[in-house]
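I opened a new notebook page to record, entry by entry, what I looked up in this structure. I begin with strand pairing and then follow the neighbouring parts.

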Amino acid sequence: MHVVMIGGSDAGISAALRARELDPGAEVSVVVADAYPNFSICGIPYYVSGEVTHWRNLAHRTTADLEATGMRLRLDTTARRIDVTGRKLLVTAADGAEELLSYDKLVVGTGAIPVRPPITGLNQLGPAEGVHLLHSMGDTFALMRTLEEAAPASAVIVGAGYIGLEMADALTTRGLRVIQMEQLPEVLPTVDPPLGAHVHAQLTGHGVEVLTGTTVRRVSRAAPGAAGRLQVEATAADASPVTREADVVLVVVGVRPDTEIAAEAGANLGARAAIAVDSGMRTNLPDVFAAGDCVVTHHRLLGETYLPLGTTAHKQGRVAGENALGGHREFAGCLGTQVVKIFDQAAARTGLRDHEATAAGFDPVTVQSEADDHKAYYPGSHRIAMRVTGDRATGRLLGLQLFGHKNAEIAKRIDIAATAIFHDMTVDGLSDLDLSYTPPLGSPWDAVQMAAQTWLREASQPQPARPLTGAGGFHR
């Protein structure tokens with residue numbers, strides 16, 4: 001049995017590890033387009049900031065660790081074409097030499113590639129001029145060369161999603177003056193505007209100039225004597241022109257699935273033109289599986305969508321690796337659970353927001369509230385802003401959004417809600433959970449349980465959303 005994986009990131013490596021775990025006698029080959037298998041792309045901002053001191057520390061496992069499992073790594077090797085009938089994969093090595101790899105089963109884990117928005121000048125200017133897209137280790141090294149050799153004083157970041165926010169934090173930490181431009185009305189558009197406003201305030205409080213409702217039109221070289229090497233021209237929401245100068249421009253506006261090799265082989269595509277797979281990560285092609293950021297996502301509440309996340313890719317890869325060896329495992333689906341740190345605060349979400357829940361056929365009610373992360377009489381407590389979404393008719397918990405201090409266990413609290421939604425619990429059921437308590441770390445009713453109780457009080461009598469400024473009856 002020879003199993004070949006295309007892609008050396010989360011999905012491909014997870015598939016390879018699972019295959020070797022289940023059958024140490026199986027031949028497993030991983031075709032990696034660069035020399036950096038199993039590196040944490042999510043950790044790049046923290047290497048840029050200097051918090052991760054060496055790029056090699058971003059490796060989940062070293063090359064030696066991976067090879068010790070028995071898998072064969074084909075580094076700096078590009079997959080070119082899948083011969084489905086002949087069960088062969090055409091690859092090109094770094095020296096240009098072509099080779100046909102025979103396979104019994106194939107796992108496509110080609111991931112995603114950065115979206116290149118229609119900005120004039122983006123195709124003419126690149127890292128040498130200080131214009132960067134950021135997704136791979138190669139992109140990271142190019143940005144680091146700019147930061148170390150050109151000693152830039154300022155940066156414009158186009159995009160205020162997760163990576164954009166993390167890079168605003170990273171570049172500010174490095175001492176750069178940062179200008180963040182976001183086309184949508186508020187930063188971090190994966191949460192509701194009231195929480196996005198908290199993130200916005202956190203950015204401006206750390207010196208970041210935030211321009212929302214701003215569409216970047218052009219990037220060009222600045223005139224001699226300007227305040228930066230580059231000029232960024234944009235249009236504000238009221239159609240007025242916006243111009244800023246900076247030494248670095250970083251474009252991070254999202255990704256799209258990299259499906260070219262699979263589509264050319266005849267693979268069906270689904271949501272957002274990602275590879276269509278069933279719950280066992282099987283494509284429509286015989287003996288071909290796919291997993292990770294190149295495939296559709298089976299969401300437990302929305303059905304088929306596209307939601308590229310590292311956690312999802314790891315799970316899908318494990319399923320694909322097991323089933324490639326004849327297993328019958330299914331990907332259980334995701335809820336879009338995410339968390340991001342912005343300076344000393346964190347924002348998180350899981351499940352659905354109002355508009356998503358409505359589209360899925362629910363009758364959603366969202367209630368916002370605040371509570372302390374632990375008993376306020378113990379020093380160091382922090383307020384957590386919370387938005388609970390539930391179904392009006394059934395009381396089913398549909399979503400939770402949080403914003404609070406990075407030490408307020410935001411990630412673990414969103415995981416409580418993710419677990420509850422995964423198991424179809426009601427909002428009321430959240431209060432019944434047996435959660436831990438000690439005054440330095442929590443309260444007899446955890447913050448998310450207090451939020452659930454507020455939802456129960458207010459959901460039957462919808463009221464205009466109130467500002468996130470008071471606990472409104474919470475016991476301290």
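Entry 1, a parallel sheet. I looked first at strand E2, residues 27–31, and found that three bridges join E2 to E3, the two strands running parallel. As one example of the pairing, I noted that Val-31 has Arg-74 of E3 as its bridge partner. I keep in mind that I am reading a predicted model.

I then asked myself in what order the five strands of this open sheet stand. I wrote down E3-E2-E1-E7-E18, with parallel pairing. Strand E3 (72–74) and strand E18 (288–290) are at the edges and have a single partner strand each, so one side of each is left without a neighbour in the sheet. On average, I read a turn of 20° between neighbouring strands of this sheet, with direction ignored. As a reminder to myself, strands of a sheet pair through backbone hydrogen bonds, and they do so either parallel or antiparallel.

Entry 2, a helix on the sheet. Next I looked up what packs on this sheet and found H1, which touches strand E1 (2–6), E2 and strand E7 (105–108). The direction of H1 makes about 170° with that of E2.

H1 also has a helix partner, and I recalled that two packed helices are described by the angle between their axes and the distance between the axes. For helix H1 (residues 10–22) and helix H8 (residues 310–324), I noted an angle of about 35° and axes 7 Å apart. The crossing of H1 and H8 is right-handed. Among the residues that meet, I listed Ala-11, Ala-15 and Arg-18 on the H1 side, and Ala-313, Gly-317 and Glu-322 on the H8 side. When I sorted the contact of H1 with H8 by class, I had five nonpolar, five polar and five charged residues.

Entry 3, a strand with two antiparallel partners. I turned to E24, where eight of its nine residues are buried, so that I call the strand mostly covered. Strand E23 (residues 364–372) is joined to E24 by nine bridges and runs antiparallel to it, and in this pair Val-365 stands opposite Gly-390. E24 also pairs with strand E25 (residues 397–405), in the antiparallel sense and over six bridges, with Val-388 opposite Leu-400. The hairpin of E24 and E25 has five residues between the strands, and there Gly-395 takes a positive phi near 75°.

Is Arg-387 buried or exposed? Arg-387 lies in E24, and I count this arginine as buried because its relative accessible area is 10%, under the 20% limit. Its side chain makes a polar contact with the side chain of Gln-368, at 2.2 Å. The residues that Arg-387 touches include Asp-192, Pro-194, Thr-366 and Leu-400.

Entry 4, two positive phi values. Most residues other than glycine have a negative phi, so I looked for exceptions. Met-281 is not a glycine, yet has a positive phi of about 70°. Met-281 sits in the loop between helix H7 (260–264) and E18, and is buried at a relative accessible area of 0%. Phe-343 likewise has a positive phi, near 55°. I found Phe-343 in the loop between strand E21 (338–342) and strand E22 (345–351), and at 9% relative accessibility Phe-343 counts as buried.

Key: Residues numbered from 1 in each chain as written. Predicted model: local features only at pLDDT ≥ 70, side-chain atom pairs only at ≥ 80, totals over all residues. Heavy atoms only, no water. Buried < 20%, exposed > 50% of the residue type's maximum accessible area, 1.4 Å probe, protein only. Polar contact = N/O pair within 3.5 Å; in protein donor to acceptor, adjacent residues only side chain to side chain. Contact = heavy atoms within 4.5 Å. Axes fitted to C-alpha atoms, helices over the stretch in contact; angles between N-to-C directions. Left-handed = near helix turned anticlockwise from the far one by under 90°. Nonpolar A, V, L, I, M, F, W, Y, C, P; charged D, E, K, R; others polar. Pairing = 2+ DSSP bridges. Lists of a residue's contacts leave out its neighbours within four places in sequence.
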